[in-house]
Amino acid sequence: MKAIIMAGGEGSRLRPLTCKRPKPLVPVANRPVMEYCVDLLRDLGIKEVGVTLQYLPALIQEYFGDGSDFGLHLHYFIEDKPLGTAGSVKNAASFLDETFVVVSGDALTDFDLRPAIARHKESGALATLVLTTVDNPLEYGVVITNPDGSIRSFLEKPSWGEVFSDRVNTGIYILEPEVLELVPEGQPFDFSKDLFPRLLKDKKPIYGINLSGYWCDIGNLAQYRQAQEDVLSGKVKVRVVGEDRGNGIVTGEGVEIDPAARIAGPVLIGSYCRIGAGAAVGPFTVLGPYTRVDEGASIKRSILWDNVYVGEGTSLRGAVACSRASLQRQVRIYEGAVIGDGSLVDAGAEVRPEVKVWPEKILGRETVVHESLIWGQGTGRPLFVGSQAPGYLKGDLTPFQVTRLGLAYGASFKPGAMVGLSTFTGGAGEMLFKAMAAGLMAAGVKVADLGRLPTAVHRFAVRSLKLAGGCHIKQDAANRDKVWLHLVNERGHDLAPGAVRKIENLYWREDGRQVKEVQATTYFPALKEAYREWLLSTLGDNGLKRRPVRIALGCQGEIAALAAEVLQRAGADVVRLDFDPAKGWGAIQEDMPFFAAEIERYGAGLGAALDQNGEELILFTGEGRRLTTSQQQALLARVYLEANREALLVLPVTASRVVELVAGCLGGRVERVKSHPGIHQEAMARVDGEAAPEQQHLQLDALAALLYILDWLARRDESLAEAVAGLPAVHTVTRTVPCPWEAKGRVMRTLINEEPAERVELLDGVQIRHKDGWSLVFPDGETPHYRICSEAFSQEMAEELAGFYEQRLKELIAREKDWE
């Protein structure tokens with residue numbers, strides 16, 4: 001006997017599960033549902049099986065091959081257009097020269113078909129239909145039989161008033177080849193709607209047999225989830241792949257489960273899954289192969305396909321996450337929701353019940369999705385924040401995406417231009433370096449390998465080597481899973497908005513270019529040493545070289561040894577208090593009270609902490625008092641303006657207003673520019689000229705800023721505490737208010753209209769001047785938040801201003817939600 005598996009179904013009611021795969025390949029308990037049909041036929045002793053295909057046929061052919069791996073021989077018959085159930089089988093008529101079985105490749109069953117086959121032969125029927133009883137027959141074809149099993153009538157998808165039986169057609173048939181003579185060639189024709197009524201009308205022998213066992217047609221998402229639960233509970237007798245560990249827990253090979261994780265069966269955990277400490281995987285959950293569940297995540301009654309990432313503290317309840325979905329930290333996915341293939345749900349986002357997210361979408365940080373997302377890119381953040389493209393190693397930042405960005409960035413240069421590329425230490429940094437290099441080289445760009453560098457050294461290398469631009473791949477100081485692809489121009493400055501938009505457009509359009517020759521990479525050694533010598537050469541002879549200062553230095557990563565060597569060569573007495581390399585910048589800052597105490601214990605005149613990328617500087621007096629942001633900005637302004645009298649100091653709008661007071665005392669002026677790094681840095685370069693020290697080094701390079709401050713203090717023979725005491729006293733308060741991406745513009749417009757025009761400045765965000773202070777309200781470029789920065793000459797007034805705008809923003813955002 002032969003068999004036919006009907007596997008042409010598109011599965012439109014199962015979307016988005018079937019957006020990128022035919023319905024027979026949708027996984028049930030980590031196996032394509034059609035594989036259970038193959039098992040069923042093989043166990044019957046059937047070796048020759050035809051498969052009818054129409055939607056994405058190559059994917060099924062690729063997975064099952066010729067069938068030899070599954071113990072039978074498969075023959076494929078592909079329809080150019082949908083032909084209906086009977087029409088698709090007619091397309092395989094040349095293969096069907098004896099009695100054959102027809103089964104649906106998208107239904108799950110454990111029926112023993114032997115009684116049906118025997119009954120078919122005994123009755124002499126042309127067609128025997130396998131029937132089963134269901135509680136709700138409204139979605140099926142009801143079949144009414146006579147006492148001898150012959151079929152009396154059919155009723156397709158009846159109303160309750162028409163339900164005269166609970167026996168329904170399962171789509172499993174035993175047929176004789178001659179029935180196909182009644183099926184027209186190349187035309188849509190259906191078994192239940194066309195062929196079987198025709199046989200009944202012509203009084204041909206057609207029978208039905210009711211079989212006991214499990215059968216589910218998996219026609220919708222609710223049935224799909226139920227089928228998984230039925231497999232896990234043992235209600236359907238099929239082969240589950242994995243090792244039974246007891247208590248209903250079945251795992252594949254290579255699974256890693258932290259001893260502190262909680263697993264409650266029945267669950268199925270696919271091969272090479274990793275489950276972190278404190279994670280909870282509850283009953284009726286399926287984890288596909290290579291899925292990773294991080295610390296504190298919670299999953300109940302959910303189905304995760306292969307290569308899904310579940311971030312720390314994320315929870316899923318009755319949800320489906322398809323292949324390569326990435327759910328970042330503290331995400332909430334509720335009952336009935338589906339996350340499509342390759343979609344990214346950023347940290348803190350919520351997907352409400354029954355929401356469907358189609359493949360390759362991006363849900364922005366802390367967004368709440370109330371309705372299905374089908375078209376567009378989603379509500380995510382832009383590709384770039386300033387001149388940097390952020391991504392997550394466990395999420396959206398894949399080598400493919402980095403190569404794609406390299407192609408776009410490379411296409412913004414003339415062929416043959418040389419572009420610098422550096423990265424951070426470790427395997428992930430090397431992987432991303434090679435991916436970016438591949439993209440740049442494919443675009444016809446020469447890659448200058450700058451090695452493993454801090455950000456400031458990368459800027460120096462691009463400028464001093466006269467490169468056309470550069471890309472610095474760096475880990476986020478606070479979050480080690482987050483990476484930034486930092487692009488700079490030929491001066492080592494962040495790109496201007498226009499240049500960023502050009503690259504972003506090339507990225508989304510995927511506009512590559514063909515090149516005649518791929519250029520080899522050129523390696524440039526000893527760049528940190530060159531940077532060190534340059535930095536030391538900018539110092540005079542009357543500072544640190546004559547009056548050494550003892551400094552407690554806290555660093556980690558690439559910057560630690562470089563900073564210590566530069567300061568020691570400059571004449572400082574350095575006490576190294578290196579931070580734990582495993583800790584992020586946020587955790588290190590929580591330990592700052594301990595670091596501050598060590599400064600006094602070692603008798604240092606001041607303390608300094610630098611982040612691993614050399615971009616952020618935190619200063620402490622010798623008594624362990626941490627300088628505020630406004631104090632540090634005022635100090636740097638004083639260092640610059642005393643060296644460059646009556647100069648113009650360029651600052652972003654977010655900088656403290658205390659700088660104006662310092663400039664006024666020294667005959668200098670302050671120009672405010674947009675906070676976009678590219679705009680700010682180009683403005684500084686325009687003003688600096690040959691000034692020394694250059695303000696761009698004081699504002700962008702934490703090590704250079706520290707060195708110049710130390711040298712300035714030494715020339716004045718003054719302690720940091722004394723210098724700070726001479727600065728104007730301004731108090732700063734910052735607040736953060738969550739706001740959906742789509743509401744930011746309307747909220748800003750309303751806030752501006754409420755304020756008197758003479759008090760408002762709209763350079764970047766909205767700046768509001770008050771009698772005793774000022775406030776800046778601006779939308780964050782990376783997250784769905786507003787930032788509030790208020791300053792005043794008293795702490796009480798600064799708190800009052802910040803609190804006022806925080807409350808007003810919350811009221812406006814709440815009103816937006818009410819309008820929705």
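Biologist: Which residues form one aromatic cluster with Tyr-63?
Modeller: Phe-64 and Phe-70 do, so the cluster is Tyr-63, Phe-64 and Phe-70. Rings of Phe, Tyr and Trp (its six-membered ring) pair if their centres lie within 6.5 Å; planes under 30 degrees apart count as stacked, over 60 as edge-to-face and the rest as tilted.

Biologist: What kind of model is this?
Modeller: This is a predicted model, where local features need pLDDT of at least 70, side-chain atom pairs count only at pLDDT 80 or more, and totals for chains, interfaces and linings use all residues. Residues are numbered from 1 along each chain as its sequence is written, and side-chain values use heavy atoms, with hydrogens and water left out.

Biologist: Back to the rings. How many aromatic pairs does the structure hold?
Modeller: There are 15 aromatic pairs in the structure. In one of them, Phe-77 and Phe-95, the ring centres are 5.8 Å apart and the planes are at 45°, so the pair is tilted. Phe-77 lies in strand β5 (residues 73-78) and Phe-95 in the loop between α3 (84-90) and β6 (100-104), so the pair ties together parts that are 18 residues apart in sequence. Helices (H or I, at least four residues) and strands (E, at least two) are DSSP runs, numbered from the N terminus.

Biologist: Are Phe-77 and Phe-95 buried or exposed?
Modeller: Both Phe-77 and Phe-95 are buried. Buried means under 20% relative accessible area, exposed means over 50%, and partly exposed is in between (1.4 Å probe, protein chains only).

Biologist: What sits over the ring of Phe-95?
Modeller: The charged end of Lys-2 does, 4.5 Å from the ring centre. The rule is that NZ of Lys or CZ of Arg is within 6 Å of the ring centre and within 35 degrees of the ring normal. Elsewhere, Arg-463 lies over the face of Trp-534, 5.8 Å from the ring centre.

Biologist: New topic: how many residues does the largest nonpolar core have?
Modeller: That core has 70 residues, and Leu-610, Leu-619 and Leu-706 have the most contacts inside it. Helix α19 (residues 702-716) gives the largest share, twelve residues. By nonpolar core I mean a set of buried Ala, Val, Leu, Ile, Met, Phe, Trp, Tyr and Cys residues joined through side-chain atoms within 4.5 Å. A second, separate core has 35 residues, among them Ile-5, Leu-40, Ile-46 and Leu-211.

Biologist: And what is Leu-706 in contact with, leaving aside neighbours within four places in sequence?
Modeller: Its partners are Ile-551, Leu-553, Leu-567, Ala-608, Leu-610, Leu-617 and Leu-619. Contact means heavy atoms within 4.5 Å.

Biologist: Where is the place of Ala-116?
Modeller: Ala-116 is in helix α4 (residues 114-123). Ala-116 is buried, at a relative accessible area of 0%. Setting aside neighbours within four places in sequence, Ala-116 is in contact with Thr-128, Val-130, Ile-174, Ile-209 and Leu-211.

Biologist: What order do the strands have in the open sheet of seven?
Modeller: The order is β17-β20-β23-β26-β29-β32-β35, with parallel pairing. Two strands pair if DSSP finds at least two bridges between them. β17 (262-263) and β35 (368-369) stand at the edges with a single partner strand each, so one side of each is left without a neighbour in the sheet. Strands β23 (residues 298-300) and β26 (residues 315-317) run parallel and are joined by three bridges. Ser-298 has Ser-315 in β26 as its bridge partner.

Biologist: Any odd backbone spots? Which peptide bond from Gly-265 is cis?
Modeller: The one from Gly-265 to Pro-266, with omega near 5°. A cis peptide bond also joins Arg-15 and Pro-16, where omega is about 10°. Pro-16 lies in the loop between β1 (2-6) and β2 (27-28).

Biologist: What is phi of Tyr-272 near?
Modeller: Phi is near 60° there, a positive value in a residue other than glycine. Most residues other than glycine have a negative phi, and most peptide bonds are trans. Tyr-272 counts as partly exposed, at 35% relative accessibility. Glu-360 also has a positive phi, near 65°, and at 33% relative accessibility Glu-360 counts as partly exposed.

Biologist: Last one: how many helices and strands does the protein have?
Modeller: The protein has 22 helices and 52 strands. Of its 820 residues, 55% count as buried.
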